Amino acid sequence: MHELSITRNIVAIVDEAARGRRVCRVMLQIGKLSGVMPDAVLFCFDIVAQGTALHGARLDIEEIEARARCDTCGGESSLPHLGASCPCGSRRLTLIQGEELKIRTIELEEAA
Amino acid sequence: MCGTCGCQGKATATIVDLDGEHEHIHADGTRHRHWHGHHHDDHGGHLPHHHAHEHHDHEHRDHEHHHPRHTIEVSLEAQILAKNDAIAARNRAWFAGREILALNLVSSPGAGKTTLLERMVRDLGGKLPLSVIEGDQATTLDGERIRAAGARVVQLNTGTGCHLEAEMIGRALGELRPEIGSLLWIENVGNLVCPALFDLGEWAKVAILSVTEGEDKPLKYPHMFRAAKLMLLNKTDLLPYLRFDEARAVANVRAVNPDIAVIRVSAETGEGLALFYDLIYDWAASVRSGAARQLV
């Protein structure tokens, strides 16, 4: 369950960025080949957020499909899983997206 | 704690309705409603989103109030593992400056990490200074085995944690103080999933696949085998007793990592270890020449 550790990182980064303001929403990008399960992050989020500026915040996760460029033919293709090959048959692929682990935006409550 | 979502609080009742929505009524009368596993496509062509909560559903029994919420959106664009990666980069620079070859040894539990290290301490101890950072959830048993074999060792216990992080290595280095030009092994927690994500500042990851585990492990746990520079196929002395297809195991690991080196070894009989040690000496030499280049 490295997602617990990942979620602690998310909460720590956002809590610091919020500088005391309440956080209403957090928007993440998680690549499908990042090795992190969105559902497990969601599971951990409520617990980890307690006692922080993120308590009660909504967590949205955008999953990013994996795409790779083939080192042999130069073509780009989607990569459903690690170990998949290029349509040309080559397995020498450079991932161009799909490993994202990123906090994109946060929504903060404005001071009254 | 709610068994469905992990939501804490003293829920006095849980009402579950259809569509994956459920509601908690807490002791103080606060209602809490959640949706789970809810996908939709109304975000202008975005990929499916997951939502943890819909928070406009909080109700307060004793003092009904609605406050319109004014919010501002702030762009963060922050890497979630940035802190770990920054500490890992610091560790890596510390190793490079001291010409230390740091290797992160990963495998599933029981693949033979500690036995291999014990053997290596005895085989290389006199020729190459070697120390070990031992990672386990609990006990100092492995650390004691390494010390008994004759190497300096620091034991890290992660408690409930399933992997080592860069900050733990930074602290362990303060204790261990490995000598200049030495070989440092970081024995990660036995786990083929989580340690793949956490850079410790190592020069390379070395993965062990033991022949008792089956040929398909690299396909089942591709992240780890993709991140490794070398796979040791361990316990080859047991091959006569097993139906293990070596060629398939190698084909499987190359499917996820075409450039990975593979060496068959037995920590028990010593088979293949000379080849492995030659590779370590090569790596140590490139670490030294790398440090020399940095000085110019």
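**A loop serine, a helix pair and the contact between chains A and B**

Ser182(B) sits in the loop that joins helix 4 (166-176) to strand 9 (183-187) of chain B. The model is predicted. Ser182(B) has 18 C-beta neighbours inside 10 Å and therefore counts as partly exposed. Beyond its sequence neighbours up to four places away, Ser182(B) touches Ile100(B), Pro129(B), Leu130(B) and Ser131(B). One of these partners, Ser131(B), is 51 residues away along the chain. The C-alpha atoms of Ser182(B) and Ser131(B) are separated by 7.7 Å.

Helix 4 of chain B also packs on helix 1 of chain B. The angle is about 35°, and the axes are 8 Å apart. The crossing of these two helices is left-handed. Helix 1 of chain B contributes Asn84(B), Ile87(B), Ala88(B), Arg90(B), Asn91(B) and Trp94(B). From helix 4 of chain B come Ala166(B), Glu167(B), Ile169(B), Gly170(B) and Leu173(B). By class, this helix contact holds six nonpolar, three polar and two charged residues. An α-helix has 3.6 residues a turn, so residues three or four places apart point the same way.

Helix 1 of chain B (82-97) also figures in the surroundings of a helix in chain A. Helix 1 of chain A covers residues 2-18, 17 residues in total. From first C-alpha to last it reaches 24 Å, close to the 24 Å expected at 1.5 Å a residue. Its buried residues are His2(A), Glu3(A), Ser5(A), Ile6(A), Thr7(A), Asn9(A), Ile10(A), Val11(A) and Val14(A). The cover over these buried residues includes strand 1 (23-31), helix 2 (38-49) and strand 6 of chain A, along with helix 1 of chain B. Arg19(A) follows helix 1 of chain A and has a positive phi, near 45°.

Strand 6 of chain A (residues 101-109) also pairs across the chains. Its partner is strand 5 of chain B, and the two run antiparallel over seven bridges. Within this pairing, Leu108(A) has Ile72(B) as its bridge partner.

The contact between the chains takes 41 residues from chain A and 40 residues from chain B. On the chain B side, the elements giving two or more residues are strand 4 (49-51), strand 5 (71-79), helix 6 (222-227) and helix 7 (246-256). Strand 5 of chain B gives the most, with nine residues. The chain B side divides into 20 nonpolar, 15 polar and five charged residues.

Key: Residues numbered from 1 in each chain as written. Chains lettered and ligands numbered in written order. Predicted model: local features only at pLDDT ≥ 70, side-chain atom pairs only at ≥ 80, totals over all residues. Contact = placed C-beta atoms within 7 Å. Helix = DSSP H or I, 4+ residues; strand = E, 2+ residues; numbered from the N terminus. Nonpolar A, V, L, I, M, F, W, Y, C, P; charged D, E, K, R; others polar. Pairing = 2+ DSSP bridges. Expected span 1.5 Å × (residues − 1). Buried ≥ 20, exposed ≤ 12 C-beta atoms within 10 Å, placed from the backbone. Axes fitted to C-alpha atoms, helices over the stretch in contact; angles between N-to-C directions. Left-handed = near helix turned anticlockwise from the far one by under 90°.
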